[in-house]
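Hi,

Here is the structure I promised you. Have a look at it first, and then read on for what turned up.

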Amino acid sequence: MNTARGPVLILGGARSGKSAFAEELVDRSGLSRTYVATGRAFDAEMEDRIGRHQVRRGDGWTTIEEPLRLVDVLRTSVSPDTAVLVDCLTLWVTNLMMDGLAIEKESAALADCLRACSGPVVLVSNEVGMGIVPENRMAREFRDHAGRLHQQIARIADEVWFIAAGLPLKMKG
């Protein structure tokens with residue numbers, strides 16, 4: 001990330017180690033660290049999952065919880081002396097879908113915002129397009145929205161990483 005001026009996209013499956021890898025990249029930047037959490041804690045299990053992420057990060061992070069207005073948060077949080085980690089884009093897409101918002105419009109706004117950011121942004125997302133075709137319409141729409149968003153972000157990203165079994169594979173940059 002030391003050489004990346006534009007966004008860094010980190011993709012991987014569930015429990016692949018992508019969040020820990022992203023946190024390490026931001027830690028190594030030497031900049032102030034802001035964590036933008038897009039997840040919503042609808043149940044005790046998700047609350048526990050969020051708590052484990054917070055403990056792993058430790059002190060020294062500013063945390064902003066924002067499930068929908070990601071572009072607004074980035075506009076006010078990104079600066080040359082602050083590295084921002086967004087975790088994660090697939091939860092953001094889920095939130096947009098559940099709230100009936102225009103995902104293509106929001107995705108385009110995010111891409112535009114990332115192009116204009118004055119500091120480093122690391123974005124974490126689940127790669128959901130490597131499995132079987134989902135059996136229901138909503139799941140297929142989710143997979144399609146996430147895949148299109150990943151392509152948009154990967155096109156403008158300075159670096160793209162794929163994480164599997166805790167091992168990073170640099171795909172771009």
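Let me start with a single residue. V78 counts as buried, because its relative accessibility is 10% and the cut-off for buried is under 20%. Keep in mind throughout that this is a predicted model. V78 is located in the loop that runs between α3 (70-77) and β4 (82-87). Leaving out residues up to four places away in sequence, V78 touches V84, C117, S118, G119 and V121. If you want a distance for orientation, the C-alpha atoms of V78 and G30 are 15 Å apart, with those positions 48 residues apart along the chain.

Now the sheet. How many strands does the open sheet have, and in what order? There are seven, running β3-β2-β4-β5-β1-β6-β7, and the pairing is mixed. At the edges sit β3 and β7 (167-172), each of which pairs on one side only. From one strand to the next, the twist averages 20 degrees.

At the β3 edge, β2 and β3 pair in the parallel sense, over five bridges. In that pairing, V36 stands opposite I64 in β3. Helix α3 packs on the sheet and touches β2, β3, β4 and β5. The direction of α3 makes about 165 degrees with that of β4.

The β7 edge is worth a look too. Strand β6 (residues 159-164) and β7 pair in the antiparallel sense, again over five bridges, and here W161 stands opposite K170 in β7. The hairpin of β6 and β7 has two residues between the strands, and A165 takes a positive phi near 55 degrees in it. Is β7 covered or hardly covered? Hardly: of its six residues, the count of buried ones is zero.

One residue to click on in β7 is M171. Apart from neighbours within four places in sequence, M171 is in contact with V160, W161 and F162. The C-alpha atoms of M171 and S32 are separated by 26 Å, and the two residues are 139 residues apart along the chain.

While you have the strands on screen, one general point helps with reading them: in a regular strand, side chains alternate between the two faces of the sheet.

On to the pockets. The largest one has a volume of about 490 Å³. It is lined by 26 residues, and those closest to its centre are S19, R49, H53, D87 and L91. Several elements supply at least two lining residues each: α1 (18-29), β2 (32-37), α2 (44-57), β3 (61-65) and β5 (121-126). Which element gives the largest share of the lining? That is α2, with eight residues. By type, the lining divides into nine nonpolar, nine polar and eight charged residues.

D87 deserves a closer look, as one of the residues closest to the centre of that pocket. It sits in strand β4. D87 counts as buried because its relative accessibility is 9%, again with the cut-off at under 20%. Not counting residues up to four places away in sequence, D87 touches S19, Y35, V36, A37, T38, H53 and V124. Two of those names, S19 and H53, also appear among the residues closest to the pocket centre.

That's what I have for now.

Cheers

Conventions
Residues are numbered from 1 along each chain as its sequence is written. This is a predicted model: local features need pLDDT of at least 70, side-chain atom pairs count only at pLDDT 80 or more; totals for chains, interfaces and linings use all residues. Side-chain values use heavy atoms; hydrogens and water are left out. On a 1 Å grid over the protein atoms alone, a cavity is a set of points where a 1.4 Å probe fits but cannot get out, and a pocket is an open set with protein on both sides within 12 Å along at least five of seven lines; lining residues have an atom within 4 Å of a point. Grid points are joined across faces, edges and corners, and a volume is the space filled by probe spheres set on the points. Helices (H or I, at least four residues) and strands (E, at least two) are DSSP runs, numbered from the N terminus. Ala, Val, Leu, Ile, Met, Phe, Trp, Tyr, Cys and Pro count as nonpolar, Asp, Glu, Lys and Arg as charged, and the others, Gly among them, as polar. Buried means under 20% relative accessible area, exposed over 50%, partly exposed in between (1.4 Å probe, protein chains only). Contact means heavy atoms within 4.5 Å. Two strands pair if DSSP finds at least two bridges between them. Axes are lines fitted to C-alpha atoms, for helices over the stretch in contact, and angles run from 0 to 180 degrees between N-to-C directions.
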